[in-house]
Amino acid sequence: MKLPGQHGLPTADDYVPGHGDPAWSARHYDLDLDYDLAPNRLRGRATIDAVAVTDGLDRLVLDLAGLDVDKVTVDGRSPKRWTTRGSRLVVSLAEPLAAGTELRVVVKYAGTPRPLVDDVHGDAGWEELEDGVIVAGQPHGAPTWFPCNDRPDDKATYRIAVTTEPGYVVVANGERTERARQGSSLRWVHEQREPMATYLATVQVGRYDVHELDGARVPVRAAVPEGTDTGDEAFAAGFGRQAEMVAAFEELFGPYPFAAYTSVVTADDLEIPLEAQGLSTFGANFLDPDWRSVRLVAHELAHQWFGNAVTLARWRDIWLHEGFACYAEWLWSERSGGDPADVHARSHHERLAESDQDLVLSDPGPGTMFDDRVYKRGALTLHALRLTVGDESFFELLRTWCERHCGGSVTTTELVALAGEVTGQDLGGLFRSWLDEPALPPLPDRPGTS
């Protein structure tokens, strides 16, 4: 489906207008970036292996915001023409392509990257720190640093090479495969071999010490500001227990879906943590032993299963990410000696009951897709399901969901169908009341109470 978008160009998802082209799909992004920190100057070469989705494809519409395009080739030749229209790069092909035709697009570009700002979602994308860079792509920030098909259901593999000055560490998605001096600079190469949505792609540049944390089946790392004391309580309470969190979540959700996990802690304070595939980014203000910070460490880790490995196909289903990650906070509390999930659930249910009852969880609207009620009501939906079907069926459902859809894109409809399949129960009424109606339903009684 093509929705009207910016300059009459396609929109893939009406929650994020002016992004994404359903007519083609990316298979692989090879990004070769040179970055000068002081002037915030980025030069890039993006090689995109793509495939036509619709018959008669005669143009590719890519998303690229605030950067200047120098050259475009398609399969090694100049296209019929190319032009930029706002934050879109429109490439007219020499001849129409049949569905399934593969092609390689190369875009050379440069400029001063900056966050993309809109009135609905605020700012996202490439952001300068006091001494470094972060990239927060959700939901519309990917085009601030590379040309892409910016829609959540278009997953691809990635190779990200960043050349920058010595003294800085570059962290990106996937495993680091190369670090080599190149003249007076250092070149860092990361490869993300599992499929990834564009908004989850990231680059983090800073003066970091990287520590390996013992206790997990996969490598778990923390990249922290140089000189950070990883032995103090502020680090140990949350970040120091991430290997334990991985082990606990593997038991509950299934195997960790990527090769490794890295948490990046910037020297700057940040308002909220930032989710990406295979890593998460926190400000220095989250080095705090208080539960308010620890829960967010668990939350961002849980997104590796719910959001990154299993990704929404449309933004209206954001509760499939945030509700699950919020519930994982309560599960970690339960596993780590804190309050049981039921205590958290009933406390937040009381608070939500006092808030406006005008949000429909299955379609909250673009302006409220990141409203805290989406997070908490999504988690409460899962707790109501758990109380209804019992722990054995509930966690079997979570593990089956992650296993069956790993690397793919999903909808709420698919979750509801799988819940019925796994549990053998008719759960339509439960899901309708929690997902499709604005009034907050009561929580089921605890087992053994009436």
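These are my notebook entries on one helix, one sheet, the pockets and cavities, and one buried glutamine of a predicted model.

**Ground rules.** I worked on a predicted model, in which local features need pLDDT of at least 70 and side-chain atom pairs count only at pLDDT 80 or more, while totals for chains, interfaces and linings use all residues. Residues are numbered from 1 along each chain as its sequence is written, and side-chain values use heavy atoms, with hydrogens and water left out.

**Helix α6.** I took helices and strands as DSSP runs (H or I of at least four residues, and E of at least two), numbered from the N terminus. Helix α6 covers residues 372-389, 18 in number, and spans 26 Å from first to last C-alpha, close to the 26 Å expected (the expected span being 1.5 Å times one less than the number of residues). I then checked burial (buried is under 20% relative accessible area, exposed over 50%, partly exposed in between, with a 1.4 Å probe and protein chains only): 16 of the 18 residues of α6 are buried, so the helix is largely enclosed by the rest of the structure. At its start, a side-chain oxygen of D371 comes to within 2.8 Å of the backbone nitrogen of R373, and just after the helix G390 adopts a positive phi of about 90°.

**The seven-stranded sheet.** I counted two strands as paired if DSSP finds at least two bridges between them. Seven strands make an open sheet of mixed pairing, in the order β6-β9-β4-β3-β13-β16-β15. β6 (68-74) and β15 (175-182) are the edge strands, each with a single partner, so one side of each has no neighbour in the sheet. I followed the β6 edge inward: β6 pairs with β9 (residues 102-111) in the antiparallel sense over six bridges, and V72 has V107 of β9 as its bridge partner.

**Largest pocket.** I searched a 1 Å grid over the protein atoms alone, where a pocket is an open set of points with protein on both sides within 12 Å along at least five of seven lines, a cavity is a set where a 1.4 Å probe fits but cannot get out, and lining residues have an atom within 4 Å of a point. The largest pocket holds about 930 Å³ of space (grid points are joined across faces, edges and corners, and a volume is the space filled by probe spheres set on the points). Its lining has 34 residues, of which Q138, I272, P273, L274 and Y375 lie nearest the centre. Among the elements that each supply at least two lining residues are α3 (291-302), α4 (319-335) and α6, but β11 gives the most, with five.

**Hairpin β11-β12.** I looked next at β11, which a hairpin of two residues joins to β12; the strands pair in the antiparallel sense over five bridges, with E128 opposite V133 of β12 as bridge partner. From β12, G132, I134 and A136 point one way and V133 and V135 the other, and all are buried.

**Q304.** I found Q304 in the loop between α3 and β23 (311-312), where it is buried with a relative accessible area of 0%. Its side chain reaches the backbone oxygen of A276 at 3.1 Å, and a polar atom of that side chain lies 2.7 Å from the backbone nitrogen of G278.

**Cavities.** The whole structure yields two cavities of 30 Å³ or more, and the largest cavity holds about 80 Å³ of space. Its lining includes R373 and R377.

Technical notes
A polar contact is a pair of N or O atoms within 3.5 Å; within protein, one must be able to donate a hydrogen and the other to accept it, and residues adjacent in sequence count only if both atoms are side-chain atoms.
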